[in-house]
Amino acid sequence: MTQQRPAAVIVLAAGEGTRMKSATPKVMHAIGGRTLLGHVVATARELDPQRLCVVVRHQGEAVAAHAQEVDGAVEIAWQDEVKGTGRAAWCAMQALESSGVLEGPVLVLAGDVPLLDSATLGQLLEAHAAGGNAVTALTTRVEDPTGYGRIVREEGTGLLARIVEERDASQAERAITEINTSVYAFDADVLRDGLARLTDPTSGATANAQGEVYLTDVVAIARETRPVRAVETDDAISVEGVNDRVQLAALGAELNRRTLESAMREGVTVVDPGSTWIDVTVTLEADVTLLPGVQLHGVTHAEGGAVIGPDSTLTDVRVGADAHVVRSHAIGAVLEAGVSVGPFAHLRPGTVVGPGAKVGGFVETKNAVIGAGTKVPHLSYVGDVTIGESTNIGAGVIVANYDGETKNHTEIGSHAFVGSDSVLVAPLTVADGAFVAAGSVVTRDVGPGDLAVARGQQRSIPGWVQRRRPQSASARAARDAAATAQAPPAQPAETDPTTEPQA
């Protein structure tokens, strides 16, 4: 049947996450290029809910701001001092229904379950609608269910009888391996009425000794009038939450494994998946090759035929077809088709490298537009510069863009040549076809086809070493060289005519 559009998705993100032992809110820790909350919000948005609400409390200002940065249409609900998942859902319903009563299915998700996907939630919604359920809980089975609520089903019907927390479970119930994932589909009226029976709207007083309100209590209430069912997923790790750094790393590794597997099935070559990390926001076309030690972050995109690595990190970089990046770092750069970068290049934001151009070893660029076919091959810094086509920048060239107060721009034309170990002091223009002699410090514009020479005249002082350092190895070497230069040329040896080779 067709999946019903949720009336709302409620994401619970109010917990303290004390086991993370971090000043950062738990849901704002990241894997795969998104925070935990970012993953959950993105998944929820794929379901096209009418409303999407995130419940916050601990460090709520930071979490709320982040949620709305991830998705500008997110609504924020603040949980009060009454603890529990049920109370968080109640606060969300109060916020959502302040502008009108909800009708239809309401999904409740935890904000720390990053691998949960929209396909699984779609199946949950379909089962919820098909069964006419009051509540449908998502469950899974694990080998060791310690710490989880157990799913107790009715014999014969398979309906969800109750969810038993471990501390309240009998020995037989603790042996059950089907667990609650804390992911639910409720009918809005069931959730509203059930929560109202558990919490005093005015005082927040609860009906249990722990002083907390749990969604599992709403499940028990809903069974009184309508069917309550459970849908089991066999992908247990996809519904696993993050409670500490160990789980964060484990889920991060699994997310990366899935991301790489998906890319490989779409035609990307990953030589060593064990050393390759890709954010979920990265896009790669077929026939891209990733060599060992590659990390791709942000909105990086690579076109077919590109080879990245080994040992390269790209963040928010566009890599053109057949480009090659070797042992380099780049942020916010554009590399057109056939570009060659590295090894050990550093491309900073604003770098655009034109088709077939080269940025070589130990070159740093920033706000640099490098034209087609131009080469910056060795040991150079080019910042705040525009370079035309088919220009050659020699080894050790520095485009000095900063005068201590402001950044200034340099223009270098097409088919120009800048000799090794030159400094171009911005603001400056080196016109088309111009040459700059090696070792020059250029402070004035160079016209089309001109040669700029800006260096001190060489002066040699004869005999300096022997006078100043007469006992040094350098002096001895100089004396030997001078003696050899003054010796008469050696005469060729006579040849025995009997052994002379014949022509």
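Here a residue counts as buried under 20% relative accessible area, as exposed over 50%, and as partly exposed in between. With that in hand, let's walk through this predicted model, beginning with a serine.

**Around the annotated site**

S420 has a relative accessible area of 35%, so it falls in the partly exposed class. The residue sits in the loop that joins β34 (417-418) to β35 (423-425). Why look at this serine at all? UniProt, in an unreviewed entry, lists S420 under the feature "binding site", together with A395, N401, Y402, A438 and R455. That annotation may be inferred rather than shown by experiment.

Setting aside residues up to four places away in sequence, S420 touches G394, A395, V397, A438 and G439. Two of these names, A395 and A438, also turn up in the UniProt feature. The side chain of S420 also makes a polar link to A395, reaching its backbone nitrogen at 3.2 Å.

R455 is another position from that record. You'll find R455 in the loop between β39 (451-452) and α9 (464-468). Once neighbours within four places in sequence are left out, R455 is in contact with A437, A438 and G439. Which atom does the R455 side chain reach? It is the backbone oxygen of A438, at 2.3 Å. So A438 and G439 appear in the contacts of S420 and again in those of R455.

**Two pockets**

Now to the pockets. Here are the two side by side:

| Pocket | Volume | Lining residues | Makeup of the lining |
|---|---|---|---|
| Largest | about 1500 Å³ | 40 residues | 13 nonpolar, 16 polar, eleven charged |
| Second largest | about 540 Å³ | 25 residues | eleven nonpolar, six polar, eight charged |In the largest pocket, the lining residues closest to the centre are K26, T85, D112, S182 and N243. Three elements each give two or more residues to this lining: α3 (85-96), β10 (178-187) and α7 (215-222). Which element provides the largest share of the lining of the largest pocket? That is β10, with four residues.

For the second largest pocket, the residues closest to the centre are L255, R258, T259, S262 and V280. The elements giving two or more residues to its lining are α1 (36-46), α8 (245-265) and β14 (283-284). Here α8 gives the most, with seven residues.

**A closer look at two lining elements**

Back to the largest pocket, where α7 is one of the contributing elements. This helix is mostly covered, with six of its eight residues buried. The buried ones are L215, T216, V218, V219, I221 and A222. As a reminder about helices, an α-helix has 3.6 residues a turn, so residues three or four places apart point the same way.

Strand β10 holds T181. Is T181 buried or exposed? T181 is buried, because its relative accessible area of 9% is under 20%. Leaving out residues up to four places away in sequence, T181 touches L138, T139, T140 and V239. With L138 there is also a polar contact: the T181 side chain reaches the backbone oxygen of L138 at 2.6 Å.

Technical notes. Residues numbered from 1 in each chain as written. Predicted model: local features only at pLDDT ≥ 70, side-chain atom pairs only at ≥ 80, totals over all residues. Heavy atoms only, no water. Helix = DSSP H or I, 4+ residues; strand = E, 2+ residues; numbered from the N terminus. Buried < 20%, exposed > 50% of the residue type's maximum accessible area, 1.4 Å probe, protein only. Contact = heavy atoms within 4.5 Å. Polar contact = N/O pair within 3.5 Å; in protein donor to acceptor, adjacent residues only side chain to side chain. 1 Å grid on protein atoms, 1.4 Å probe; cavity = no way out; pocket = protein on both sides within 12 Å on 5 of 7 lines; lining within 4 Å. Points joined across faces, edges and corners; volume = space filled by probe spheres on them. Nonpolar A, V, L, I, M, F, W, Y, C, P; charged D, E, K, R; others polar.
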